[in-house]
Amino acid sequence: MKHSNLIIRCPYETVNGGGVGIAVYCYISAYAYNSVFLGTVTVNAHQLANDICVNVAAVGKALKVLDQLGIFKMKHVCNSTYSISQESAFVERTKYVQLDFDDAQKILHSESQSRVKLLQLYALVLKTVNLSISRNNVRGFVNDKPLEYFAKVMDANPVTISRYEKALEELGIFYILHAHGKAATNLIGLKKYQSLIDAYAVDVGTLQRFSSTNQNVSILQKYNALCRGVEYSDKEVLDIYNGVVSYNKAHPNKARDLTVFRKYQISLDNVSV
């Protein structure tokens, strides 16, 4: 079932409660949104468990918690089937983190064995973005909390959190600048904010402390190497080109010359001449 551009307003309580609770909430909210019965849906716990790729016991526990918190009003119909509606009183008083339903689906249907933990980290990162950081009229596009913070909230170690972050980046959901140095912390945000995150790192004078997970050095470092004659594969050249284009858009006064890319036999649009 496709839900393009559907945004799920996920209550803070579910984020703190773990990945399964978030998954169940996203699933039910999406179906309630499309329901012809004024936001009420009939859900079978076994089918729900199958759809979000977790065991039925975990789903049952999550449903009970959501009911006890007053997030949903749940009525048992028969066997493992429930009639569920969202409580308007709770909706009015609670705080939310906005999640993209397609991103949630991508995580839940990934091959990762830790998919519900990935979903929890996804929601937690978006819940705790730094709202004091603003670029191009966009506020809260980056999270600069240390790995230890996420590890404490999720009851995991920093190495595990780092692995989860990398998995979310490989899924194309997050863009991450990984910090180097004992006192440095990663910069992480949605992939669509890549240019803003890069621009922020440059503006605060710390870009040299970061590199992307999928690149051992920054785009600008690779660009400089390319200009010096260092050879890269066609795919790497295209990645460098796209990165420099993004940088130039964010920093028109510091734009890099794109003519270096003209000699490469790959499909490049809008190359300066």
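User: In this predicted model, at what angle do the axes of helix α7 and helix α8 cross, and within what distance do they come?

Analyst: To read a pair of helices, we look at how their axes approach and at the angle between their directions. Here the axes of helix α7 (residues 115-127) and helix α8 (residues 147-154) come within 11 Å and cross at roughly 125°. Angles from 65 to 115 degrees count as roughly perpendicular and those over 145 as roughly antiparallel, and that crossing therefore makes α7 oblique to α8. The crossing of these two helices is right-handed.

User: Which residues make the contact between α7 and α8?

Analyst: On the α7 side the contact is made by K117, Q120, L121, L124 and V125, while α8 contributes F150, V153 and M154. Sorted by class, the contact has six nonpolar residues, one polar residue and one charged residue.

User: How should I read the sheet, and in what order do its strands lie?

Analyst: For a sheet, we ask which strands pair and in which direction they run. This open sheet has three strands in the order β2-β4-β3, with antiparallel pairing. Strands β2 (40-44) and β3 (72-78) stand at the edges, each with a single partner strand, so one side of each has no neighbour in the sheet. From one strand to the next, the twist averages 25°.

User: How many bridges join β3 to β4?

Analyst: Six bridges join β3 to β4 (residues 81-86), and H76 has Y82 in β4 as its bridge partner.

User: Which strands does helix α3 touch?

Analyst: Helix α3 (residues 45-52) packs on the sheet and touches β2 and β4, with its direction at about 85° to that of β2.

Notes: Residues numbered from 1 in each chain as written. Predicted model: local features only at pLDDT ≥ 70, side-chain atom pairs only at ≥ 80, totals over all residues. Heavy atoms only, no water. Axes fitted to C-alpha atoms, helices over the stretch in contact; angles between N-to-C directions. Helix = DSSP H or I, 4+ residues; strand = E, 2+ residues; numbered from the N terminus. Parallel < 35°, antiparallel > 145°, perpendicular 65-115°, else oblique. Left-handed = near helix turned anticlockwise from the far one by under 90°. Contact = heavy atoms within 4.5 Å. Nonpolar A, V, L, I, M, F, W, Y, C, P; charged D, E, K, R; others polar. Pairing = 2+ DSSP bridges.
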